[in-house]
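Work through the exercises below with the sequence and the model open side by side. Each task is followed by a solution in steps.

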Amino acid sequence: MFIDALNWLQNLSVRNALFAFAFYYPLLMAWLWIIGGIWFYLRRELHRPALPKFDQTAPGCSILIPCYNEEQHVTDTIRFALATRYPNIEVIVINDGSTDQTEQIVEQLAAQDSRIRIVHLTNNQGKAFALRAGALVSQHEYLVCIDGDALLHPYTVHWMMDHLLSGPRVGAVTGNPRIINRSSLLGKIQVGEFSSIIGLIKRAQRTYGRIFTVSGAIAGFRKTALHRVGYWSENIVTEDIDISWRLQLDHWDIRYEAQALCYLYMPETLKGLWSQRLRWAQGGVEVLLKYGKALFHWKSRRFWGVAFEYLLSVGWSYAMLIIFILYFSGLVVDLPESWYVASILPQVYGLFLGVTCLVQFFISLWMDRRYDQGRILRNYIWVIWYPLLYWILSMLTTVVALPKALLKRSKKRARWESPDRGISV
């Protein structure tokens with residue numbers, strides 16, 4: 001058997017090695033996510049107790065809303081935050097140097113409700129700086145942070161506080177974002193993506209150790225944990241990934257709560273989607289470069305699975321890029337047999353991978369059906385387009401993000417621009 005294995009390795013061409021990795025990586029990860037997600041669902045979600053109850057003596061919670069040029073959505077965001085059923089809240093709006101009417105809108109709303117507090121920053125300092133400013137002026141130990149266009153479910157704070165109060169080592173809770181704009185193909189695919197990909201991955205990661213990142217749109221934090229690790233980093237383009245890694249490397253626990261719902265708008269143009277996913281990819285690389293050395297310590301061993309998974313995803317992107325380059329090069333020049341790629345269209349193995357994806361999508365959408373009044377299964381027909389569009393997008397953004405992260409000046413503050421919030425609002 002050993003001799004056969006050596007012969008197989010000797011006969012393995014570069015082309016076949018690339019195809020093997022390109023095929024087996026998503027196949028194995030899909031089944032790992034499916035098994036881990038089902039395990040989480042059966043143990044932590046299926047028989048979740050009824051809504052936690054809190055009275056007026058409950059610990060207070062500060063809802064932080066950093067916003068930059070959010071005049072179109074900030075009114076709804078604040079009103080939904082004020083409508084939360086948790087009995088003891090304050091809403092802190094951090095206006096990060098907006099150049100539109102955001103400042104005037106939040107001032108008018110604050111005059112109508114004493115629970116609203118405002119922090120005005122003269123210049124755009126970035127989301128991480130804005131969150132830190134809000135946390136420092138907050139009155140309570142527990143924080144729920146949402147985006148400037150996010151709409152909180154009335155009981156989301158209940159579910160997050162239930163976790164944060166369950167033990168002294170719970171440093172953060174990530175919620176379950178739901179997509180509002182669903183009229184375009186990109187919007188419908190993202191509805192399925194957040195359930196079948198993002199939601200399932202968080203369930204699986206929570207099962208086998210550590211969560212790669214909390215959701216930047218909806219996350220709860222213990223302020224003591226944030227203070228211990230130095231709050232959010234101002235020079236990382238994805239502050240949510242960075243704070244997740246730093247909290248867990250400091251041995252704080254991060255939970256995933258599927259019932260902590262939050263509704264938000266997502267990009268529905270290719271330009272907006274590219275900008276968003278490139279930022280996500282660059283942030284992941286920056287965090288890996290920043291904390292890579294810490295992963296070699298034995299005390300960080302529970303993080304190895306998440307880090308290794310991310311490294312494989314970067315390698316997969318470059319493997320796919322090489323396959324595409326070899327294919328198109330073979331159309332114009334003669335390549336050696338071991339390098340020649342005859343076709344990039346799905347063959348038998350590709351069809352098997354496609355079936356696995358459909359199984360993954362169905363299981364995860366079925367898990368999430370209760371959080372979307374059963375309508376989410378209607379998006380099954382649309383999410384089947386996910387591999388075609390988003391795998392290519394993920395490959396390209398990762399390939400571009402790696403050199404961007406390597407060449408970025410480490411001290412440069414990450415500032416935001418007005419995001420693409422969709423074409424149907």
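Two residues are in contact when heavy atoms of theirs lie within 4.5 Å. The model is predicted.

**Exercise 1. The chain as a whole**

Task: State what share of the contacts with a separation of 6 or more comes from residues 24 or more positions apart, and give the secondary structure content and the buried share of the chain.

Solution:
- Step 1. Of the contacts with a separation of 6 or more, 84% are between residues 24 or more positions apart.
- Step 2. The chain contains 14 helices and eight strands.
- Step 3. The chain has 425 residues, and 55% of them are buried.

**Exercise 2. The sheet and a helix across it**

Task: Give the strand order of the open sheet, identify its edge strands, and describe how helix 4 lies relative to strand 3.

Solution:
- Step 1. The eight strands of the open sheet are ordered 3-2-1-4-7-6-8-5, and the pairing is mixed.
- Step 2. Strand 3 (116–121) and strand 5 (151–152) are the edges, since each pairs on one side only.
- Step 3. Strand 3 pairs with strand 2 (residues 89–96) in the parallel sense, over six bridges. Across this pair, I92 is opposite R117 in strand 3.
- Step 4. Helix 4 (residues 102–112) lies across strand 1 (61–67), strand 2 and strand 3, and runs at about 155° to strand 3.

**Exercise 3. Two helices in contact**

Task: Describe how helix 2 and helix 11 cross, and find which residues meet.

Solution:
- Step 1. Two packed helices are described by the angle and the distance between their axes.
- Step 2. For helix 2 (residues 14–45) and helix 11 (residues 304–330), the axes come within 9 Å and cross at roughly 145°.
- Step 3. The crossing is left-handed.
- Step 4. On the helix 2 side, the residues include F19, Y25, M29 and W33, and on the helix 11 side they include E309, W316, M320 and L326.
- Step 5. Sorted by class, this contact has 15 nonpolar, two polar and one charged residues.

**Exercise 4. The setting of E239**

Task: Is E239 buried or exposed, and which residue does its side chain join in a polar contact?

Solution:
- Step 1. E239 is found in helix 9 (residues 239–249).
- Step 2. Its relative accessible area is 6%. The cut-off for buried is under 20%, so E239 counts as buried.
- Step 3. The side chains of E239 and K127 are joined by a polar contact of 3.4 Å.
- Step 4. Beyond its neighbours within four places in sequence, E239 is in contact with K127, A128, L131, G216, W232 and S233.

Technical notes: Residues numbered from 1 in each chain as written. Predicted model: local features only at pLDDT ≥ 70, side-chain atom pairs only at ≥ 80, totals over all residues. Heavy atoms only, no water. Axes fitted to C-alpha atoms, helices over the stretch in contact; angles between N-to-C directions. Helix = DSSP H or I, 4+ residues; strand = E, 2+ residues; numbered from the N terminus. Left-handed = near helix turned anticlockwise from the far one by under 90°. Nonpolar A, V, L, I, M, F, W, Y, C, P; charged D, E, K, R; others polar. Buried < 20%, exposed > 50% of the residue type's maximum accessible area, 1.4 Å probe, protein only. Polar contact = N/O pair within 3.5 Å; in protein donor to acceptor, adjacent residues only side chain to side chain. Pairing = 2+ DSSP bridges.
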